[in-house]
Amino acid sequence: MVSLICTLQDHRDEVNWCVFSAKLLATCSADKTIRVYYTKDFSELPFSPLSGHGYTVHCCSFSPCGQYLASCSTDATTVVWQMDSGEIEVVLEHPGRSPVRVCAFSPDSVHLVSGASDGTLALWDFKSRSILRTGGVADTTMVACSFSPCGQLFVSGSMYGDLRVWSLELRQLHAEKNAHDLGVTCCQFAPQMQKETGGNVVQFRMASCGQDSLLKVWTISYTPHAGCKMQLLHTLTGQTAPVLSCSFSADGQMLVSGSVDKTVTVYESSQGTLLYTLSQHERYVTACAFSPTAPLIATGSMDKSVNVWRVEDGCSVQEEGKFLPGEEAASSCEGGNMGGHSRMMPSDWSEDDVSSWLRQEGLEALVDVFKANNIDGSELLALSKDALATDMKIESVGLRSKIIRKIEELKMESMCTGVPDEYLCPITRELMKDPVIAADGYSYEHEAIESWIRTKNRSSPMTNLPLQTTLLTPNHTLKMAISRWRTSN
């Protein structure tokens with residue numbers, strides 16, 4: 001059976017990816033951060049969250065040894081982090097400065113590949129931290145990438161719906177066009193490979209999923225001098241909406257997928273038999289991963305949570321299709337949730353609400369100081385380090401910094417919690433104050449799109465196509481709608 005053992009609720013926005021190493025779990029989000037947890041108890045590492053990206057973090061990947069974690073973002077960079085300290089090892093800027101959607105280490109840690117919104121692939125030599133070569137497919141977006149177990153091949157998937165097999169020379173060995181109608185969303189090799197008796201042919205299994213609501217299992221046969229062939233083994237139809245993520249177990253015997261229909265499905269991979277349908281997330285399931293060392297599955301969602309599931313020994317075909325409803329959730333190690341005052345916008349808090357927030361954040365010693373200065377919600381959000389020092393006579397530099405950090409987290413939480421998606425800027429993922437319409441027809445925060453145009457060669461953040469003009473038109477209707485929403489909430 002499969003049981004829910006933990007729910008992590010630390011991200012302030014939708015979760016885009018989750019990945020295990022031998023001892024850690026990493027998750028990344030539209031809130032621009034990466035969070036890292038110990039798998040022994042799912043407590044967060046001291047240096048987590050990792051904050052080095054300027055925009056949404058789309059994907060993260062551990063090096064096989066677990067010493068490094070790579071993450072990629074709309075800010076056109078792939079950042080490599082040291083897992084012993086949380087420090088940045090290197091920042092790799094993608095050629096052309098296009099938003100990077102996916103990244104993956106090779107099994108030997110020699111190479112790192114990144115794929116971008118302009119269809120380019122960058123292959124990096126990880127030892128020298130330098131780029132080896134670039135390639136790709138024009139006029140599409142790379143959204144999926146996975147290295148073969150031997151490390152000599154990798155597969156990419158794009159929004160065109162094609163799967164392509166590449167050599168380390170970035171020579172295209174095979175193109176499976178229209179593998180998924182409307183686009184590929186994820187692909188992953190099984191950890192095992194087979195060599196045919198008496199020959200040089202090596203076989204791999206690979207899973208892919210897409211906007212066509214299908215999960216597919218393929219075999220890829222590779223001969224060094226003759227190239228490779230791809231053959232469809234199974235088409236799995238256990239979900240009723242686009243399938244956004246997939247992952248093999250460490251032994252290759254199980255396959256998990258997450259979908260827009262809010263479910264997680266677990267299959268026996270060799271026959272494609274549905275074992276379990278898991279229902280716990282409240283919104284789209286955007287990420288899933290098996291642990292390489294323990295019977296654990298992690299799933300991430302647009303509901304901002306990460307669920308950790310335990311796969312018990314003895315799950316069998318006889319339990320096919322067993323449904324695990326949300327009410328059967330086990331223990332929860334949730335991140336800090338706000339109390340009753342969180343139902344209001346922080347700007348509308350009373351002095352008592354501020355006092356409650358201080359106690360919840362471990363700052364109860366400051367309650368009297370804040371009350372003496374009549375600090376309500378709007379005053380709280382406007383506080384600066386100078387005001388804390390000069391007006392409120394808080395002498396400790398460390399304490400002032402902690403207060404400001406907590407206020408910034410509060411601002412982020414208030415902007416991301418319960419806000420209609422159309423009110424959030426696609427670039428910053430924050431509630432818009434001065435929305436404007438760009439030439440691509442999308443609305444953005446004025447300051448954010450102006451900064452984007454200055455640094456991104458006038459490309460659209462949403463389509464990656466050139467903006468025909470840099471003219472920005474105020475969106476008064478949206479601004480009024482946001483104002484009404486703020487008033488009612």
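1. Strands here are DSSP runs of at least two residues, numbered from the N terminus. In those terms, Lys216 belongs to strand S19, which covers residues 215-223. Bear in mind throughout that we're looking at a predicted model.

2. Lys216 is worth a look. The residue is buried but makes no salt bridge. Its nearest side chain of opposite charge belongs to Asp212, 4.5 Å away. A salt bridge would need a side-chain nitrogen of Lys or Arg within 4 Å of a carboxyl oxygen of Asp or Glu, so Asp212 at 4.5 Å doesn't qualify.

3. So what does the Lys216 side chain reach at 2.7 Å? That would be the backbone oxygen of Ala179. Setting aside residues up to four places away in sequence, Lys216 also touches His180, Met206, Ala207, Ser208, Leu232, His234 and Thr235.

4. Next, the open sheet of 4 strands: the order is S1-S27-S26-S25, and the pairing is antiparallel. S1 (2-8) and S25 (285-290) are the edge strands with a single partner each, so one side of each has no neighbour in the sheet. From one strand to the next, the twist averages 20°.

5. Within that sheet, S1 pairs antiparallel with S27 (residues 306-311) over 6 bridges. One of the bridge partners to check is Val306 in S27, which goes with Leu8.

6. Last, Met302, in the loop between S26 (296-301) and S27. Met302 counts as buried because its relative accessible area is 14%, under the 20% cut-off. Its C-alpha sits 5.7 Å from that of Val15, although the two are 287 residues apart along the chain. Beyond its neighbours within four places in sequence, Met302 contacts Glu14, Arg283, Tyr284 and Thr286.

Key:
Residues are numbered from 1 along each chain as its sequence is written. This is a predicted model: local features need pLDDT of at least 70, side-chain atom pairs count only at pLDDT 80 or more; totals for chains, interfaces and linings use all residues. Side-chain values use heavy atoms; hydrogens and water are left out. Buried means under 20% relative accessible area, exposed over 50%, partly exposed in between (1.4 Å probe, protein chains only). Lys and Arg count as positive and Asp and Glu as negative; His and the chain ends are not counted. A polar contact is a pair of N or O atoms within 3.5 Å; within protein, one must be able to donate a hydrogen and the other to accept it, and residues adjacent in sequence count only if both atoms are side-chain atoms. Contact means heavy atoms within 4.5 Å. Two strands pair if DSSP finds at least two bridges between them. Axes are lines fitted to C-alpha atoms, for helices over the stretch in contact, and angles run from 0 to 180 degrees between N-to-C directions.
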